[in-house]
Structure formats: C-alpha cells, structure tokens
Amino acid sequence: MGSLFMKNFKRKVIESDEQWQKTFLYIHLNPVKHDFVRSVNDWLWSSWVAYENWEEERIINREESLIYFESVDHIKDCIDEIEI
C-alpha cells in the first residue's frame, strides 16, 4: 500500500475566502450528502461537534475557522440551509 501503488487524494489550493467556506461546508456535509447520516450532528468522526458546542473546550482552533464566517450562527445557518 501507499502512494507507489495507490493514487493519492486530489488536492487543491484554496485561493479565496468563498472557496474556503465552501470547502468547510463540504467537509462537514459530505456524510449527509452520501446518506451515511441524516444530520451533520450525527457523524461521530466530524469536528462539527466542536463548532456546535462552542462553550466546551476543544483541541481544534475554532477561531481560525470563524474568520471566514460572520459568526458561529452563520455557520449553523449555512449548514441548516444546505441540509434541508
């Protein structure tokens, strides 16, 4: 196994704030899109829980992600709009 025998994942440089937002939402909504779960909150291996429960201390840098959105509520609104 390894890159000698298997093709690597496709990589793209993120060049704009809009592209970063779309990528963030894509990552968190992908399990919903492929019917693994009904809601982004149900996917156990997602970092979404860290954004959903803002009060709890987490090891990821949530503030870094928030730079690209107006607020945590804005992120949640984007998720809700796409999930419907």
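In the predicted model, the secondary structure of the protein amounts to 4 helices and 0 strands. Read along the sequence, these elements follow the pattern α-α-α-α. The C-alpha trace spans about 45 × 30 × 25 Å along its principal axes. Of the 84 residues of the protein, 25% count as buried. Among contacts between residues at least 6 apart in sequence, 44% join residues at least 24 apart.

Helix 1 comprises residues 17–33. Its 17 residues reach 23 Å from the first C-alpha to the last, a value close to the 24 Å expected at 1.5 Å a residue. The helix nevertheless contains a kink of about 40° at Ile27, shortly before the proline Pro31. The buried residues of helix 1 are Trp20, Phe24, Leu25, His28, Leu29, Pro31 and Val32. Some of these positions may be considered in the light of helical geometry. An α-helix has 3.6 residues a turn, so residues three or four places apart point the same way. Trp20 and Phe24 illustrate the spacing: being 4 residues apart in helix 1, they are separated by about one helical turn.

In soluble globular proteins, nonpolar side chains tend to be buried together. The largest nonpolar core of this model has 13 residues, of which Phe24, Leu25, Val40, Trp48, Phe69, Ile75 and Ile79 touch the most other members. The elements that give two or more residues to this core are helix 1, helix 2 (48–52) and helix 4 (72–83). Helix 1 gives the most, with 5 residues.

Aromatic side chains were examined next. A pair of aromatic rings is described by the distance of the centres and the angle of the planes. The structure holds 6 aromatic pairs. One of these, formed by Trp20 and Phe24, is stacked, with 5.3 Å centre to centre and 20° between the planes. Phe24 has a relative accessible area of 5% and is therefore buried, the cut-off being under 20%. Trp20 also forms an aromatic pair with Phe69, which is edge-to-face, with 6.2 Å centre to centre and 65° between the planes. Because Trp20 lies in helix 1 and Phe69 in the loop between helix 3 (62–66) and helix 4, this pair ties together parts that are 49 residues apart in sequence. Both Trp20 and Phe69 are buried. Together with Tyr68, the residues Trp20, Phe24 and Phe69 form one aromatic cluster.

A further link to helix 1 is provided by Ser65, which is found in helix 3. Ser65 is buried, with a relative accessible area of 7%. Leaving aside neighbours within four places in sequence, Ser65 is in contact with Trp20, Phe24 and Tyr51. Although Ser65 and Phe24 are 41 residues apart in sequence, their C-alpha atoms lie 8.4 Å apart in space.

Polar groups also occur among the buried positions. His28 is found in helix 1 and, at 5% relative accessibility, counts as buried. A polar atom of the His28 side chain lies 2.8 Å from the backbone oxygen of Phe24. In addition, the side chain of His28 makes a polar contact with the side chain of Ser47, at 2.9 Å. When residues up to four places away in sequence are not counted, His28 touches Val40, Ser46, Ser47, Trp48, Tyr51 and Ile79. Among these residues, Val40, Trp48 and Ile79 belong to the largest nonpolar core, and Tyr51 is in contact with Ser65 as well.

The backbone following helix 1 was considered last. Most residues other than glycine have a negative phi, and most peptide bonds are trans. Asp35, just after helix 1, takes a positive phi of about 60°, although this residue is not a glycine. Asp35 lies in the loop between helix 1 and helix 2. At 68% relative accessibility, Asp35 counts as exposed, whereas His28 is buried at 5%.

Terms used:
Residues are numbered from 1 along each chain as its sequence is written. This is a predicted model: local features need pLDDT of at least 70, side-chain atom pairs count only at pLDDT 80 or more; totals for chains, interfaces and linings use all residues. Side-chain values use heavy atoms; hydrogens and water are left out. The expected span of a helix is 1.5 Å times one less than its number of residues. The bend at a residue is the angle between axes fitted to the seven residues ending there and the seven starting there. Buried means under 20% relative accessible area, exposed over 50%, partly exposed in between (1.4 Å probe, protein chains only). A nonpolar core is a set of buried Ala, Val, Leu, Ile, Met, Phe, Trp, Tyr and Cys residues joined through side-chain atoms within 4.5 Å. Rings of Phe, Tyr and Trp (its six-membered ring) pair if their centres lie within 6.5 Å; planes under 30 degrees apart count as stacked, over 60 as edge-to-face and the rest as tilted. A polar contact is a pair of N or O atoms within 3.5 Å; within protein, one must be able to donate a hydrogen and the other to accept it, and residues adjacent in sequence count only if both atoms are side-chain atoms. Contact means heavy atoms within 4.5 Å.
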